[in-house]
Amino acid sequence: APAVAALSAQLGYVVDAVVMRRRLEAIACRAGQAVFVAVTEPLVIGWIDVSVVYHVQADPRAEIGGLVVDAGRRGARIGAGLVARAEAWAREQGLRI
């Protein structure tokens, strides 16, 4: 949680690590939402938050709620890898990409 909170702060979303831990625990208990992290041992260098959304006018789809890669690691396709993982998760949920 502290690493995820620190990465969020890089985008201007400052949140306490304790609050972030609560958020991550709540997401972990929910079907239809996931958080994936990119790790270069021992560091978390990126994360993506994805969830299934429902609307009246369209079939359910996956929506990225947040994506961040450490400022010093950007440009290395880490974000692309996180998006690919989110897309794989969406397919696992039965959604079309």
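Is Glu63 buried, partly exposed or exposed? Hold that thought for a moment. What you have on screen is a predicted model. Two topics today: salt bridges, then the largest pocket.

Salt bridges. A search of the whole structure turns up two. Take the Glu63 pair. Its partner is Arg61, and the two side chains meet at 3.2 Å, N to O. Back to the opening question. Glu63 has 33% relative accessibility, so it counts as partly exposed. The cut-offs are under 20% for buried and over 50% for exposed. Arg61 comes out at 35%, so Arg61 is partly exposed too.

Now the other bridge. Glu92 pairs with Arg85. Here the closest N and O atoms are 3.7 Å apart. What about exposure? Glu92 has a relative accessible area of 55%, so this residue counts as exposed. Arg85 has 32%, so Arg85 is partly exposed.

On to the largest pocket. How much space lies in it? About 290 Å³. The lining is made up of 16 residues. Nearest the centre are Ser8, Met20, Arg23, Trp47 and Asp49.

Which elements give two or more residues to that lining? Two helices and two strands: H1, residues 2-10; H2, residues 17-28; E2, residues 43-55; and E3, residues 58-69. H2 gives the most, with four residues.

And the chemistry of the lining? By class, 11 residues are nonpolar, three are polar and two are charged.

To recap: two salt bridges in the whole structure, and a largest pocket to which H2 gives the most lining residues. That's me done.

Methods. Residues are numbered from 1 along each chain as its sequence is written. This is a predicted model: local features need pLDDT of at least 70, side-chain atom pairs count only at pLDDT 80 or more; totals for chains, interfaces and linings use all residues. Side-chain values use heavy atoms; hydrogens and water are left out. On a 1 Å grid over the protein atoms alone, a cavity is a set of points where a 1.4 Å probe fits but cannot get out, and a pocket is an open set with protein on both sides within 12 Å along at least five of seven lines; lining residues have an atom within 4 Å of a point. Grid points are joined across faces, edges and corners, and a volume is the space filled by probe spheres set on the points. Ala, Val, Leu, Ile, Met, Phe, Trp, Tyr, Cys and Pro count as nonpolar, Asp, Glu, Lys and Arg as charged, and the others, Gly among them, as polar. A salt bridge is a side-chain nitrogen of Lys or Arg within 4 Å of a carboxyl oxygen of Asp or Glu. Buried means under 20% relative accessible area, exposed over 50%, partly exposed in between (1.4 Å probe, protein chains only).
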